[in-house]
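Biologist: I am new to this structure and should like to learn how its features are read. Could we go through the helices, the strands and the backbone in turn?

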Amino acid sequence: MHRLSTRKRFPVLHRPISDLSPSPIPIFTAIKEYRLWRDQAFETKKTVGFVPTMGALHDGHLSLVNRSLAENELTVVSIFVNPAQFAPHEDLETYPRTLPHDLALLSTLQYRPVSPVSSSRTPSAVFLPSVKDMYPSGITQDVSQQKGTFVEVKGYGDQMEGRSRPNFFRGVATIVTKLFNIIQPTNAYFGQKDIQQALLLRRLVGDLHFSHPTAHSLHIIPTMRDPVDGLALSSRNAYLTPAERQLAPAFYVALQGAARVWAAGASKQEAIHHASEQLEAAKERGKKHGVQIQVDYFEMNDAETFDTLDNEHVQRPDGGAPVILSGAVWFGRTRLIDNIVLGNLGDIITK
């Protein structure tokens, strides 16, 4: 069984927040203190945008924060590595933790509204909760031993990523429900790279009649990619060796190839086969550089129901309902995910 990469160890920040360099952005570590701040925003009728993260910020995260700054009077970023979405064999302990760098990056962001009477906007607050506060009943990565309240979106967490990572979306749905209850955002922002997560959460807030945010105000922003080779930006890219990083763009190239043949009239089975063939060519190149490449899955799913398309399914002449073409590929010991949304995008992706 593959394990998520443990090649590089990143410093786990257990030090008090007071030990960090001063930040121009207010930092809240206690839920009660944040709620007092949020009450003031309610009283002054200010809109609040929210970007939930696990830290190790990169340009993809920053694009979400910039979008929030442009569309809201106040913007909150959370940084919390959520134990409930890591299986016991996965990389919880080695997941990149770069809090000082994250805060420094956030402090560089600024949005200047077009209106001359409006002042520039910068991130308004960073929420840094403790594991104890987020899981008052305690938390273990062993689901059978967990106690307390957890959230599951039935029928939407077992396909695509859920097939390879059982209980992952249970952990995601639980922590984001908690964060939404605390932050109470007017708008929330997620990246398309994690399309299944974002659509599942949109379903969650709709089913549970959330007011902050609503399903309509949960925005999915196009994936940020390396401007040269198209690799989707991800915190886990830091695990890749130089040789693996050179080969990793073949993943997106394979997805693009599948999208092209699908648009030309190929069946789902033919499109997936095309993607797999292109990765086979990358595998051969990888062997010459000592890099093992292994496809976890390529799949095509209905974007509304997450149902897997039949092998003979073809695109309708009018584009049809949106379809998620997604995949996961191992480069060495690092597992990367990516996707392309096909057909009529409708309200799925916020341009």
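Modeller: The discussion below takes up a helix, a sheet and some local features of this model, which is predicted.

Biologist: Let us begin with helix α1. What span should its 13 residues have, and how far apart are its end C-alpha atoms?

Modeller: Helix α1 covers residues 31-43, and at 1.5 Å a residue it should span 18 Å. Its end C-alpha atoms are 18 Å apart, which agrees with that expectation.

Biologist: Which residues of α1 are buried, and which exposed residues does the face turned away from them carry?

Modeller: The general idea comes first. An α-helix has 3.6 residues a turn, so residues three or four places apart point the same way. In α1, the buried residues are I31, Y34, W37, R38 and A41. Seen down the axis of α1, these buried residues fall within an arc of 125 degrees, so they line one face of the helix. The face turned away from this buried side carries K32, L36, Q40 and E43, which are exposed.

Biologist: Against which elements do the buried residues of α1 pack?

Modeller: They pack against the strands β1 (27-28), β2 (48-53), β3 (74-79) and β4 (125-127), and against the helices α4 (131-134) and α6 (168-183). Just after α1, K45 takes a positive phi of about 60 degrees.

Biologist: How is the packing of two helices described, and at what angle do the axes of α1 and α6 cross?

Modeller: Two packed helices are described by the angle between their axes and the distance between the axes. For α1 and α6, the axes come within 9 Å and cross at roughly 50 degrees. That angle makes α1 oblique to α6. The contact is made by I31, Y34, R35 and R38 of α1, together with N181, I182 and I183 of α6.

Biologist: I should now like to turn to the sheet of three strands. What is the order of its strands?

Modeller: Strands of a sheet pair through backbone hydrogen bonds, either parallel or antiparallel. Here the sheet is open, its order is β7-β8-β9, and the pairing is antiparallel. The strands β7 (293-302) and β9 (334-342) stand at the edges with a single partner strand each, so one side of each has no neighbour in the sheet. On average, neighbouring strands of this sheet are turned by 15 degrees against each other, direction ignored. Helix α10 (residues 268-288) packs on the sheet, where it touches β7 and β8, and its direction makes about 160 degrees with that of β7.

Biologist: How many bridges join β8 to β9, and how many pair β7 with β8?

Modeller: Strand β8 (residues 323-331) is joined to β9 by nine bridges, and β7 pairs with β8 over nine bridges. S326 illustrates both pairings: N339 is its bridge partner in β9, and S326 is itself the bridge partner of E299 in β8. Strands β8 and β9 form a hairpin with two residues between them, and G332 in the turn has a positive phi of about 65 degrees.

Biologist: Are the two faces of β8 covered or open?

Modeller: In a regular strand the side chains alternate between the two faces of the sheet. On one side of β8 lie V323, L325, G327, V329 and F331, on the other I324, S326, A328 and W330, and all of them are buried. Nine of the nine residues of β8 are buried, so the strand is largely enclosed by the rest of the structure.

Biologist: Which residues is E161 in contact with, leaving aside its neighbours within four places in sequence?

Modeller: E161 belongs to helix α5 (residues 161-164). With a relative accessible area of 7%, E161 is buried, since the cut-off for buried is under 20%. Its contacts beyond those neighbours are F169, Q196, Y297, A328, R335 and I337.

Biologist: Finally, which residue lies in the loop between β7 and β8 with a positive phi?

Modeller: That residue is F306, and its positive phi is about 70 degrees although F306 is not a glycine. F306 is buried, with a relative accessible area of 1%. N167, in the loop between α5 and α6, is not a glycine either and has a positive phi of about 75 degrees. N167 is partly exposed, with a relative accessible area of 41%.

Biologist: Where is the cis peptide bond that involves P213?

Modeller: The cis bond runs from H212 to P213, with omega near 0 degrees. P213 is in the loop between α7 (195-207) and β6 (218-221).

Technical notes
Residues are numbered from 1 along each chain as its sequence is written. This is a predicted model: local features need pLDDT of at least 70, side-chain atom pairs count only at pLDDT 80 or more; totals for chains, interfaces and linings use all residues. Side-chain values use heavy atoms; hydrogens and water are left out. Helices (H or I, at least four residues) and strands (E, at least two) are DSSP runs, numbered from the N terminus. The expected span of a helix is 1.5 Å times one less than its number of residues. Buried means under 20% relative accessible area, exposed over 50%, partly exposed in between (1.4 Å probe, protein chains only). The arc is that of the directions from the helix axis to the C-beta atoms. Contact means heavy atoms within 4.5 Å. Two strands pair if DSSP finds at least two bridges between them. Axes are lines fitted to C-alpha atoms, for helices over the stretch in contact, and angles run from 0 to 180 degrees between N-to-C directions. Angles under 35 degrees count as roughly parallel, over 145 as roughly antiparallel, 65 to 115 as roughly perpendicular and the rest as oblique.
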